[in-house]
Amino acid sequence: MKNIVVLGSTGSVGTQTLDLVRSFPEEINIFGLGAGRNEKLLIKQINEFSPKYFSSNTDLKDHSGASFIKPEEMVISPEVDLVMCATSGIIGMDPVLAALKAGKVVALANKEVLVMAGPYLKQLTKDYGSKILPVDSEPSAIWQCIEGESTIPKRLIITASGGAFRGRKWQSLADVSPKEALLHPTWRMGAKITIDSATLMNKVFEVIESSYLFEIGFEKIDVVIHKQSIVHAMVEFLDGSVKAQLGWPNMHHPIQRALFYPDRIENPALPTFNPIEAGSLTFEPIDSASAPCFEMGLKYGTRGGAWASALAGADEAAVRLFLNGRIRFVDIPDVIDLTMGRHNEIQEPSISDLKHTADWALNDTLARYDSI
Ligand code: MG
């Protein structure tokens, strides 16, 4: 029996994690749940899974046998075997730091924390004997391809669905609504990542995330548009051989990989893959004229220092402004670019510099729209 904590339990990856827990009541026990403001769903989850602890950003205090606790304290409990970090955005950092310093296995769906501080987090895993298991589907695919290999790959190829506006010219997107941008063609995910998919900033984050996780240079990572979302990533080795990981675009698969690692357990609740039903698979280059966030994000995000932290904070703010109707979809790259131009370079930033920079970029951006 594995004792797990699910942070972000009411979000997309959180609820899909709990779907899997329902399928494996003998193997997994919910030790703790962490939620933001969705108190109604959290209460339902507490009633169903009877965790020992919970955290929330509401006034909910102890409820039906579960005790309120801060997420940073919940994750370090000696009884915890695995922490699923399914929060979104820069707020996920503190519990991840606490869990890694306590030697825990962290299943990480929150890509922003890796973007902000990947090398620092990797160092923590070495210093404290902890582990980061990727849950994001593309890094999970790379991880599954390189497992058991003894040499560093020559190249990683990450696939992109292209998001809600794939195939459309950037100039044609001036009037698109948040509702339209939230209609992802293949993956069911939370709002922040779905907007990041539409701008392709999500792929910038995955390049940074994969570079840090697998300790491979940014220049050895390519991104291709693959609209079917069947091949999640490919890895090319020194001898020219290429491995791909594929399957239906369903987050239950990468979540289950992390929950049960290193074991593979049969789950009849998941759909069986059928290559004939999957049909033709196509791969195309990114149309850079219609992906301004991709070019700009890579330019800043791969500079080192605290640049990627600033990028994560500025992007989070821009997405929030768009979802709240304060800026247009096509303004997102300019809004981020303006904040990045105001970032003061920091040489060899500490972890508190990295956190501070992301908070600064978020607030600096929101403040320009009186939106804090
Ligand atoms: Mg992904």
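**Exercise 1.** In this predicted model, determine which residue forms a salt bridge with Lys355, and explain which parts of the chain the pair ties together.

*Solution.* Begin with the contact itself: Lys355 forms a salt bridge with Asp94, and the closest N and O atoms are 2.8 Å apart, which satisfies the cut-off of 4 Å. Next, place the two residues: Lys355 belongs to helix α15 (residues 351–367) and Asp94 to helix α4 (residues 93–101), so the salt bridge ties together parts that lie 261 residues apart in sequence. Finally, consider accessibility, where Lys355 counts as partly exposed at 27%, and Asp94 counts as partly exposed at 32%.

**Exercise 2.** Locate Glu149 and Lys243, whose side chains meet in a salt bridge, and classify each by its accessibility.

*Solution.* The N to O distance of this pair is 2.9 Å. Glu149 sits in the loop between α6 (137–146) and β8 (155–160), whereas Lys243 is in strand β11 (residues 242–246), so parts 94 residues apart in sequence are tied together. Glu149 has 34% relative accessibility and is partly exposed, and Lys243, at 30%, is partly exposed.

**Exercise 3.** For the salt bridge between Arg155 and Glu236, decide whether each residue is buried or partly exposed.

*Solution.* The side chains meet at 2.9 Å, N to O. Arg155 lies in strand β8 and Glu236 in strand β10 (residues 231–236), so the pair joins parts 81 residues apart in sequence. Arg155 is partly exposed, its relative accessible area being 29%, while Glu236, at 12%, is buried because the cut-off for that class is under 20%.

Notes. Residues are numbered from 1 along each chain as its sequence is written. This is a predicted model: local features need pLDDT of at least 70, side-chain atom pairs count only at pLDDT 80 or more; totals for chains, interfaces and linings use all residues. Side-chain values use heavy atoms; hydrogens and water are left out. Helices (H or I, at least four residues) and strands (E, at least two) are DSSP runs, numbered from the N terminus. Buried means under 20% relative accessible area, exposed over 50%, partly exposed in between (1.4 Å probe, protein chains only).
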